Amino acid sequence: MALIDLANPSRFMAFVARVLPFAVALTVVAFAAGLYLAFFVAPDDYQQGATVKIMFVHVPAAWLAMFCYATMTMASLGTLVWRHPLSDVAAKAAAPIGAAFTFISLLTGSLWGKPMWGTYWVWDARLTSVLVLLIMYFGLIALWRTIEDPIRAGKAVAILTLVGAVNLPIIKFSVDWWNTLHQPASVIRLDGPTIHPTILWPLLVMALAFTLLFLVLHMMAMRNEILRRRVRTLQMRAAARQPATATAQAAE
Amino acid sequence: MTGWAQALILRELRLAVRVGGGALIGVLFFLAVVTVIPFGVGPDLNLLALIGPAILWIGALLATLLGLDRLFQADRDDGSLDLMLMSGRSVELIVLVKCLAHWVGTGLPLVVAAPVLAIFLNLDALAIGAVTLTLLAGTPALTLIGAIGAALTVSLRRGGLLLAVLVVPLTIPVLIFGVSAASAAITQPMPFLTPFLILCALTLLSSVIGPLAAAAALRHSGD
Amino acid sequence: MQLVAENLACDRGGRRVFAGVSLKVASGTALAVTGANGVGKSSLLRQLAGLVPVAEGVIRLEGGDDERPPFEHCHYFGHQDALKPSLSVAENLAFWQAFTASAPGLKAGAPARGVDEALEFIGLAHAATLPAAYLSAGQRRRLSLARLLVVERPVWLLDEPAAALDASSEGRLCELMSAHLEAGGLILAATHQPLRLANTATLHLQAAQ
């Protein structure tokens with residue numbers, strides 16, 4: 001099956017029905033492995049003790065928060081440029097998931113910050129830009145809920161998503177200059193990761209598990225959205241239908 | 001409560017949560033306002049803790065005012081307001097019930113969100129409790145006073161901005177006693193209860209003046 | 001029961017729209033208000049509905065509940081449908097049924113219909129649970145009309161009642177109106193077409209020269 005075939009919502013539904021069980025199984029296995037590695041293989045930090053385990057949720061959630069926005073950006077391009085019939089469904093389905101990952105990364109970050117920095121929240125560049133990302137997600141969801149017609153809503157949201165995609169890096173760099181406390185990047189660096197393999201491997205497995213979780217949730221949410229639109233079409237058709245009884249009465 | 005009031009509350013709440021209702025946009029605005037303040041005043045946590053109650057109160061005030069412009073206008077635009085005025089129910093009570101439903105839909109979420117936002121502003125547990133309590137007691141007054149502005153601007157195309165201009169001066173007492181009660185809880189020597197009780201009194205007073213004035217304005221909105 | 005208006009005058013935006021309008025409508029009769037556009041048909045109905053201030057003259061309802069103003073005995077069916085798109089068809093109607101106070105004045109044999117019955121009657125029973133947003137203009141109009149059936153009020157003020165209705169719905173509207181007259185109600189309708197009802201008088205509004 002070519003990728004283009006998935007553009008057809010019915011084919012997509014069939015594809016999801018076939019793939020979803022395997023994807024769910026794979027996600028469960030990845031999480032089991034990731035959690036095992038994180039709790040029993042990765043050593044406690046000599047300074048932070050067991051609190052360092054928060055990292056195995058915090059970092060993948062933060063990655064996924066951005067990955068999800070990237071997905072929405074691609075989908076928005078699909079909506080505006082290629083008018084792909086499924087792309088605004090993809091964008092709409094991704095937004096709440098992205099907001100949830102963003103929220104999880106903020107929540108775990110602040111729980112981690114309390115023992116590390118002595119406060120739940122600081123107006124650090126990294127934290128602030130993620131908070132702005134969360135507000136962006138909420139705004140997109142709100143815009144979607146305000147416009148009743150899904151096609152019109154999809155276009156409006158796609159424009160806002162793309163503007164946000166341009167603006168987020170700017171926000172990121174500007175708040176970097178504004179205030180910084182968060183530790184610098186330590187996994188993806190030109191000179192190789194700076195953290196020990198016993199921590200790196202569990203982290204990568206957890207990241208894989210989170211990505212799989214996102215894929216599963218995204219497919220399910222897209223399926224729900226397609227069904228929701230079908231229900232809407234059926235309802236509109238049902239409303240337009242002239243009831244047989246009424247015409248019979250009028251004919252009397 | 002009588003049947004018609006229940007029916008009205010149910011309708012308003014349904015409208016608020018369904019598509020196009022915008023029940024949670026007020027909370028989002030609240031979040032956005034509280035987020036941009038530190039960019040203006042700087043990220044100094046001690047300073048933020050000091051002015052935190054004021055930030056939360058001003059955020060709640062702005063979020064309430066912005067949500068109010070559709071309170072009567074939506075009903076006027078589709079002819080519902082006409083039918084309400086000739087429904088045989090007391091217009092004052094209709095306003096009161098609509099304000100109650102509006103507060104549950106927009107004001108109460110602000111109160112619920114306030115403790116989370118207070119963490120961003122580095123407030124301690126006592127201060128968080130005090131701010132939330134004052135918001136719980138004070139935001140109904142904001143809605144009720146704002147309803148006067150909403151009724152006065154109901155027939156205007158660009159009523160929203162004018163509404164804010166009309167209402168902000170009237171809400172100053174609420175803001176003063178709300179913030180001073182919350183600040184009193186942080187800086188111990190001052191009493192919390194005195195300004196808090198005045199705040200409660202303001203809410204009760206506005207629950208009388210607000211519906212009376214708004215109903216008078218609505219009755220004269222017809223042309 | 002008799003609705004009487006004497007010497008009504010109406011000002012809108014500082015301009016006198018009409019003056020010296022008197023009318024009398026008794027139970028069981030209808031009054032068609034005709035006239036050119038802008039002559040004040042809608043304003044007259046809105047005055048009777050208590051929505052536009054009366055510049056001069058009096059409106060009274062003889063034989064109604066004296067405790068309540070005349071307009072609380074009236075149903076007003078204007079250009080706007082007073083429907084919320086996000087509520088379902090049945091929710092819209094049920095709200096107005098619960099919210100609007102009924103007024104006595106009809107014969108005992110003409111009780112207000114329930115929501116389901118009224119929807120059945122106007123041919124929207126199949127759409128009861130659907131959002132009102134999905135209705136066509138004619139369907140919205142009919143749903144708005146159903147409001148008159150679920151709450152008992154003796155006086156119907158109808159502003160262009162047949163607008164946006166197809167032939168069969170218009171026939172249904174005529175049926176409703178004659179049933180209302182038979183039950184002892186009274187109807188004032190601003191209209192361009194003649195009302196196909198028994199006991200109809202006409203009030204022709206003409207611009208002052």
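**Exercise 1.** Which pattern does chain B follow when it is read along the sequence?

*Solution.* The model examined here is a predicted one. Begin by counting the elements: chain B holds nine helices and zero strands. Reading along the sequence then gives the pattern α-α-α-α-α-α-α-α-α for chain B. As a further step, set the radius of gyration of chain B, 18 Å, beside the 17 Å that the globule rule gives for 223 residues; the two are close, so chain B is as compact as a globular protein of that length. Along its principal axes, the C-alpha trace of chain B spans about 55 × 35 × 30 Å.

**Exercise 2.** Describe the burial, the contacts and the surface of chain B.

*Solution.* Take burial as the starting point: of the 223 residues in chain B, 53% are buried. Next, consider the contacts between residues at least 6 apart in the sequence of chain B, of which 79% join residues at least 24 apart. Turn finally to the accessible surface of chain B, which comes to about 9,100 Å², with 75% of it belonging to carbon and sulfur atoms.

**Exercise 3.** Decide whether T132(B) is buried or exposed, and find what it touches.

*Solution.* First locate the residue: T132(B) lies in helix α7 of chain B, which covers residues 125–152. Its relative accessible area is 18%, and since buried means under 20%, T132(B) is buried. Leaving aside residues up to four places away in sequence, T132(B) touches V111(B), A114(B) and P115(B).

**Exercise 4.** Work through the same steps for S76(A).

*Solution.* S76(A) lies in helix α2 of chain A, residues 55–82. With a relative accessible area of 1%, S76(A) is buried. When residues up to four places away in sequence are not counted, S76(A) touches A158(A), T161(A) and L162(A).

**Exercise 5.** Explain why the buried residues of α3(C) line one face of the helix.

*Solution.* Begin by listing the buried residues of helix α3 of chain C (residues 115–122), which are V115(C), A118(C), L119(C) and I122(C). Seen down the axis of α3(C), these buried residues fall within an arc of 100 degrees, and therefore they line one face of the helix. The general rule behind this step is that an α-helix has 3.6 residues a turn, so residues three or four places apart point the same way. Now ask what this face meets: the buried residues of α3(C) pack against α2 (89–99), α4 (137–150) and α5 (167–182) of chain C. To finish, look just past the helix, where α3(C) is followed by G123(C), a residue whose phi is positive, near 75 degrees.

Terms used:
Residues are numbered from 1 along each chain as its sequence is written. Chains are lettered from A and ligands numbered from 1 in the order in which they are written. This is a predicted model: local features need pLDDT of at least 70, side-chain atom pairs count only at pLDDT 80 or more; totals for chains, interfaces and linings use all residues. Side-chain values use heavy atoms; hydrogens and water are left out. Helices (H or I, at least four residues) and strands (E, at least two) are DSSP runs, numbered from the N terminus. The radius of gyration is taken over C-alpha atoms; the globule rule is 2.2 Å times the number of residues to the power 0.38. Buried means under 20% relative accessible area, exposed over 50%, partly exposed in between (1.4 Å probe, protein chains only). Contact means heavy atoms within 4.5 Å. Accessible areas come from the Shrake-Rupley method with a 1.4 Å probe; for residues, only the protein chains shown count as cover. The arc is that of the directions from the helix axis to the C-beta atoms.
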